[in-house]
Amino acid sequence: MTLIKSISGIRGTIGGGIGENLTPIDIVRFTSAYAEWLKQRNNGKRCRVAVGRDARISGEMVNNLVIGTLMGCGVDVLNLGLATTPTVEMAVIHEKTDGGIILTASHNPRQWNALKLLNEKGEFLSDTDGRKVLEIADSESFSFADIDNLGITDEEYSFIDEHIKHIINLKYVDTDAIGKANFRVAIDCVNSVGGIALPRLLKALGVNDIIELYTDPTGDFPHNPEPLPEHLTDISKVIKERSADVGFVVDPDVDRLAIINEDGTMFGEEYTLVACADYVLSQNPGNTVSNLSSTAALRDITLKYGKEYFASAVGEVNVVTRMKEVNAVIGGEGNGGVILPELHYGRDALVGIALFLTLLAKSGKKCSEIRQQYPNYFISKNKLELKQGLNPDAVLERLMSKFTNEQINTIDGLRIDFAEGWVHMRKSNTEPIIRIYAEAKSPSKANELAQLIINEATK
């Protein structure tokens, strides 16, 4: 059982002891700290917060505690009910609330839940703001409203439709082309809020032939909810059996998108952003951003259009900050997270689906043929267990001094770019390990680069 406190929120397993798990006491404490931070940020003015949740089983319990606590702190609530993470982010922007709380543990299993905290821009908190919330929670320096100043709640359960409307109106999205293509689309929504959002989105885009898997938002996940190939055998089988043109899989809160080809093979989660960026850049050439652990294919596609690619530290807030700095037209992360600034600064699987279907319709190609257009890279993911007393920073320092002749990046751990590929090393904040990601143009070369680093680190 676990409780993880970070700048972006609090995440943990339901049940167990206070301070060790995500208990009702911990939920109230961190919600109160967020409300106090919000009131200080707004010089004591009455604030309003958007709250939405994924469909996991603990969601109703957590939702009631969060809303009740905000009201007790004198904060008004816009209760969005079952809503995707990007929907809550959009609601903060368009309803002009002072912040937002998303109740989701993203791709974590059913026993987990979390409070993800947003600022008034519908974006995750900065490092400074997140640390301030944690300080308030640790010191319990928050106060509650008297009887005449309790918060009030408004309910708005249809904001997903508003979110979809904004996607349909994007200049990049061509519903006529999608409608004429007569696609048969399979979806796997892992019995969470994607089951509400994806069928509505697809119908709005002009798709009438939808094969639905796990679209009942019960929170009872039928398989591991992280959209990785080994968890997606059901939809792959259905796509082949029923001759679907493409498959889309989302995680429980719908900020990550995995695409499956018409033959049941994986498009590759790293390539979700690559394909969407390729289409957006063909319409509006500009700079792109992804994190240091994402595929180099995005860099290659960006250079094809004569623009610049930039890497950020890992984490959505870091990607967004870098995108703003370089005025990127699209960005995201290699886990299937697409960020389109013209919609909002947040990973959004719904806009990813709209962009990809437009690309598929306009290209006249099969899904697998589009994938074949892009450079092939392979990522090897490893971790180095640190023996007791071994300092991870010292290990990274030693590796940096060993490879001084290579291209070095230290904005987030250590990344070394070799002629044949790259290796990115980051120490874990929760475990005594260093995560080691390597990428090259063949699996064997990626593994070879990772092993080179592991061997040097363990000498």
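## A loop with an unusual turn

Asn-43 sits in the loop between helix H1 (24-41) and strand E3 (48-53). Keep in mind as you explore that this is a predicted model. With a relative accessibility of 75%, Asn-43 counts as exposed, since the cut-off for that word is over 50%. Its backbone deserves a look too: Asn-43 has a positive phi of about 55° although it is not a glycine. Most residues other than glycine have a negative phi.

Ser-106 is another residue of this kind to look up: it is not a glycine, yet its phi is positive, at about 50°. You will find Ser-106 in the loop between E5 and E6. Is Ser-106 buried or exposed? Its relative accessible area is 6%, and because buried means under 20%, Ser-106 is buried.

## The seven-stranded sheet

In what order do the 7 strands of the open sheet stand? Going across the sheet, the order is E1-E2-E6-E5-E3-E4-E7, and the pairing is mixed. Strand E1 (3-6) and strand E7 (153-155) are the edge strands; each has a single partner strand, so one side of each has no neighbour in the sheet. On average, neighbouring strands here are turned by 15° against each other, direction ignored.

Start at the E1 edge. E1 pairs with strand E2 (residues 9-13) in the antiparallel sense, over 4 bridges. The two are joined by a hairpin through 2 residues. To line them up by eye, find Leu-3, which stands opposite Gly-12 in E2.

Further in, E5 and strand E6 (residues 112-118) run antiparallel and are joined by 4 bridges. Here Gly-100 is a handy marker, standing opposite Leu-118 in E6.

## Two buried loop residues

Which loop holds Thr-97? Thr-97 lies between helix H3 (85-94) and strand E5 (99-103). At 3% relative accessibility, Thr-97 counts as buried. Setting aside neighbours within four places in sequence, Thr-97 is in contact with Arg-48, Val-49, Ala-50, Leu-78, Val-92 and Glu-120.

At the other end of H3, the loop that comes between E4 and H3 contains Ala-83. Ala-83 also counts as buried, at 3% relative accessibility. Not counting residues up to four places away in sequence, Ala-83 touches Gly-52, Arg-53, Asp-54, Val-88, Ile-160 and Val-193. Ala-83 and Ile-196 are 113 residues apart in sequence, while their C-alpha atoms are 8.4 Å apart in space.

## Where H3 meets H5

H3 packs against helix H5 (residues 159-168) at an angle of about 85°, and their axes are 9 Å apart. That angle makes H3 roughly perpendicular to H5. From H3, the contact is made by Pro-86, Thr-87, Met-90, Ala-91 and His-94; from H5, by Phe-159, Ile-160, His-163 and His-166. Sorted by class, this contact has 5 nonpolar, 4 polar and no charged residues.

Now turn to H5 itself. Its buried residues include Phe-159, Ile-160, His-163, Ile-164 and Ile-167. Why do they lie on the same side of H5? They cover an arc of only 150° around the axis, which puts them on the same side of the helix. An α-helix has 3.6 residues a turn, so residues three or four places apart point the same way. The cover over the buried residues of H5 includes strand E4 (76-82), H3, helix H7 (194-205) and helix H12 (349-363).

## The four-stranded sheet

Another open sheet has 4 strands in the order E9-E8-E10-E11, again with mixed pairing. Strand E9 (209-213) and strand E11 (257-260) stand at the edges with a single partner strand each, so one side of each is left without a neighbour in the sheet. From one strand to the next, the twist averages 20°.

Within this sheet, strand E8 (residues 184-188) and strand E10 (residues 246-250) run parallel, joined by 4 bridges. Ile-187 stands opposite Phe-248 in E10. Helix H8 (residues 233-241) lies across E8, E9, E10 and E11, running at about 160° to E10. H12, met above as part of the cover of H5, packs on the sheet as well: H12 touches E8, E10 and E11, and its direction makes about 170° with that of E10.

Technical notes: Residues are numbered from 1 along each chain as its sequence is written. This is a predicted model: local features need pLDDT of at least 70, side-chain atom pairs count only at pLDDT 80 or more; totals for chains, interfaces and linings use all residues. Side-chain values use heavy atoms; hydrogens and water are left out. Buried means under 20% relative accessible area, exposed over 50%, partly exposed in between (1.4 Å probe, protein chains only). Contact means heavy atoms within 4.5 Å. Two strands pair if DSSP finds at least two bridges between them. Axes are lines fitted to C-alpha atoms, for helices over the stretch in contact, and angles run from 0 to 180 degrees between N-to-C directions. Angles under 35 degrees count as roughly parallel, over 145 as roughly antiparallel, 65 to 115 as roughly perpendicular and the rest as oblique. Ala, Val, Leu, Ile, Met, Phe, Trp, Tyr, Cys and Pro count as nonpolar, Asp, Glu, Lys and Arg as charged, and the others, Gly among them, as polar. The arc is that of the directions from the helix axis to the C-beta atoms.
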